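Open the model in your viewer and keep the selection panel at hand. The tour visits helix pairs, then a cavity.

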Amino acid sequence: MPGSNEKNLRNFFISSMAYLFNMAGHDQIDWDRVTRLVLVDTSQKRRIGKLVDLTDRPGLEIHIYDHHPPSDGDVRADLRIYEQTGAAVSILAFMLRERGIDISPDEATVMCLGIYEDTGSFTFTSTTPKDYQAAAFFVEKGASIGTIANIISREMTPEQVSILNSMIENSRTLKINGVDLAVTSIITDEYVPDFAFLVHKMQKMKDQGVVFAMAQMGGRVYIVGRSKIPEVDAGEIMKPFGGGGHPFAASASIKNMALAQVEQELMAVLRMKVQKTTRARDIMSSPAITTTPDLSCRQAGELLTHYNINALLVTEKPNGGGRVMGSISRQVIEKVLYHKLDDALVREYMTTDISLARPDDELSEIQDKIIENNQRILPVVENGAVAGVITRTDLLNTLVYQRENGNQRQAAPSQLKATMRTRNISRLMSERLSSRILDILKAAGQTAREIGYDAYVVGGFVRDIFLQRHTEDIDIVIEGDGIEFAREFSAAMGARVHFYRKFGTAVITFPDGSKIDVATARLEHYQAPAALPTVEMSSIKLDLFRRDFTINTLAVCLNPDKFGVLVDFFSGQRDIKDKIIRVLHSLSFVEDPTRIFRAIRFEQRFGFTIGKMTERLIKNAVRMDFFKRLSGHRVFGELRQTFEEDDPVPAIVRLSEFKLLESLHSALTTGKKTIAELNATREVISWYDLLFFETPYMKWMVYLFVLLRGLDEATTRDVCDRLELHPRFHEFVLTGRREADSFLKRAQKNPVMRNSTLYELMEGLKTEQVLYIMAVAEDDEIKKMVSRYILKLRQVKTSIRGKDLKALGIEPGPVYGKILRAVLKARLDGMVHTREEELEFARRYFESVNS
């Protein structure tokens, strides 16, 4: 263990574990005989002491197992295993488990001790889930937690207490690029082996997010950095000093430099490397929702309502143009309207004493302007134009989040009361998406960057990545002009594009027939319950807020510099993990009642549960009968999608439980018998699909037949009218079910039929009717009979044709049809089997009808 600072681990090896290993000192090894060098927990030449001389030897095989990020100065390797874990030994744990290699309790103990040391007993922010899993594996293998506790729970020596006291006394807090950090230094004649441990103690005692400690020990200066926040990457800051490590913990050792010189260099590196703190541009909501001073208070109130906000910015010109004149709150508007001053102008009651922010203003400045001025909304102005707004809710969410997460940089919670969470899932995308899909997404991001836009893949596509479900339904949202993007992207990909300018959307069709949907980031609001949405330009945050459920609000950036960055404003990841279906706001089903059908489909498809509040809102929507306002076409579209699910029965049952079917028509009820028949339909359809017949059929129609079974023709016609079925479907529901039920009645009276009779009765029926009969038939003999028709009889053909009859000397005419029909019946009933027998039968049949 060259250069190891883990004194506990070294002492434990020497006193307790030496018998397990054939350990040797540097001078006991014949270096000429070495053929393989294995490095663990480091890739850096400067960290391996005299062994560095071996690394350039020709023919030497080098293996590296490391959890430190790759960097300049790494040893070249024939085999490199890198995993982002808090402890290097966690990598080994997974390899042992995957290969089924057994270890002794003593070995498990020393490995588990390594995890405790490297993760600070699982308190360092670099700790990952894999470290916990690895520790659990070692405990299963017999690791002694008691032994580990005795080693790591050590008391500090008087010397350590003295050094720690000096570190605290010498520390000072600096603000660099808006980030608070502590810097300290000490000088000691002797080497302090536990210096990193003392730095960790100091950080904990001072409750400091970032600490850099320098110690001059003899002829060297040692630097140890600890960081809990992403603005400060400790590993990056140590690199100029020849050191390295993780973003959260790193160190360096410097020769031939005085402590003061090192400190000066460290300050310069910190000023260059520390990311700037949260600024107005990071937390503002954009575009700003504004009004003009000459708008009536009634109209201003309508704006507040349909955007679901509590304050409006007032600008000289529409759409945020001109100078900022003030603001007006929902509270003021409500009082004005209470006094029946609906037509009063906004200018008469707006607040004109308003502070402004610039995009680069720091969080502390924003806080002062909002709190000290008691300002509900803070406009962010750039080059004389409104770039965005920051509300009191935005500020509060940011401050709370930063306090809970060690002052992490956090982009704005939007006016929609959402706090954005981000993570990079590019590796997950590489694992779960095909190379073709990945290439399309990357190309889309490249095109967006070239024309100055941001592109996101959104919705169900992202949801299904997390659910590990195959999907190629790609929806891309553009912060900018979606149609312009679609035109450029389709040209670059050699694809066709179709525009819908009213909605700012486009469909791109690739040469192989696959498609992607493109939309301009938009906000929808509804003029009345169940109406179609009105569409306006907006940002990605507002675009995601319009979506149906939180699990569908995830977005992944596609631009090259941010490819794979997941954006989660509404806790979609959490709800996917918790398997919950939640709406985004309480008016969701009022605005679009069809979302209820989708909620139930998703619940059953994914095995999720509808959240309590969402369930209550569904019941409210049904009770208030919002479905009566929906067009039958929209209702039928949702029902059809439900019936097309792999197993639609649980969803149909849930629709009935919520009385949704009854709200569409009082006759649509599902008793035990109907549910049993629906389950039988699912089994029949699954069986039929496994036969891989090429003839397409309407799966949804079979379920609709079953759901309408038992209704008289007049009621059935009413249901079809309510669903606004296409006339072709309307007629087939009536006549098709009537014909199928007629066959059922005949089969029940005569369940044993000759093949030719069965064929004659079923020949004219469509696949939907045949599957319906098989599903609802109560007699097993009838089911077998229908199965026999599907599997055998339907495919039976005669070998002979009209030309064969002509060769027999039979004159062409209507008689050909009668003869071939008789031959087919004979083949169905097993009376003929070969072509010759068919010809002989045809000859005799002709003679009999002409005798």
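One definition first: a crossing is right-handed if the near helix is turned clockwise from the far one by less than a right angle, and left-handed if anticlockwise. Bear in mind that this is a predicted model.

**Stop 1: α35 and α36**

Select residues 815-828, helix α35, and residues 835-849, helix α36. Their axes lie 10 Å apart, and the helices pack at an angle of about 130°. Angles that are neither under 35 degrees, over 145 nor from 65 to 115 count as oblique, and α35 and α36 are therefore oblique to each other. Put one helix in front of the other: the crossing of α35 and α36 is right-handed.

Now show side chains. From α35, pick V815, K818, I819, A822, V823, A826 and R827. They meet E838, F841, A842, Y845 and F846 in α36. Colour this contact by class: nine residues are nonpolar, three are charged and none is polar.

**Stop 2: α25 and α27**

Move to helix α25, residues 649-657, and helix α27, residues 672-689. The two axes cross at roughly 155° and come within 10 Å. Over 145 degrees counts as roughly antiparallel, so that is how α25 and α27 run relative to each other. This crossing of α25 and α27 is right-handed.

Which residues of α25 meet α27? Select V649, I652 and V653. Their partners in α27 are I675, L678, N679 and R682. The classes in this contact are five nonpolar, one polar and one charged.

**Stop 3: α31 and α33**

Next, select residues 755-762 for helix α31 and 780-791 for helix α33. Here the axes come within 11 Å and cross at roughly 80°. That angle falls between 65 and 115 degrees, so α31 and α33 are roughly perpendicular to each other.

Show N755, L758, Y759 and M762 in α31. Opposite them, in α33, are M785, V786, R788 and Y789. By class, the contact of α31 with α33 has six nonpolar residues, one polar and one charged.

**Stop 4: a cavity**

Leave the helices and look for empty space. Rolling a probe the size of a water molecule over the atoms shows where it is left. How many cavities of 30 Å³ or more does the structure hold? It holds two.

Go to the second largest cavity, with a volume of about 30 Å³. Select its lining: S43, D66, H68, P69, P70, D74, R80, I81 and Y82. Then highlight strand β3, residues 79-82. This strand gives the largest share of that lining, three residues. Colour the lining by class to finish: four residues are nonpolar, two polar and three charged.

Terms used: Residues are numbered from 1 along each chain as its sequence is written. This is a predicted model: local features need pLDDT of at least 70, side-chain atom pairs count only at pLDDT 80 or more; totals for chains, interfaces and linings use all residues. Side-chain values use heavy atoms; hydrogens and water are left out. On a 1 Å grid over the protein atoms alone, a cavity is a set of points where a 1.4 Å probe fits but cannot get out, and a pocket is an open set with protein on both sides within 12 Å along at least five of seven lines; lining residues have an atom within 4 Å of a point. Grid points are joined across faces, edges and corners, and a volume is the space filled by probe spheres set on the points. Helices (H or I, at least four residues) and strands (E, at least two) are DSSP runs, numbered from the N terminus. Ala, Val, Leu, Ile, Met, Phe, Trp, Tyr, Cys and Pro count as nonpolar, Asp, Glu, Lys and Arg as charged, and the others, Gly among them, as polar. Axes are lines fitted to C-alpha atoms, for helices over the stretch in contact, and angles run from 0 to 180 degrees between N-to-C directions. Contact means heavy atoms within 4.5 Å.
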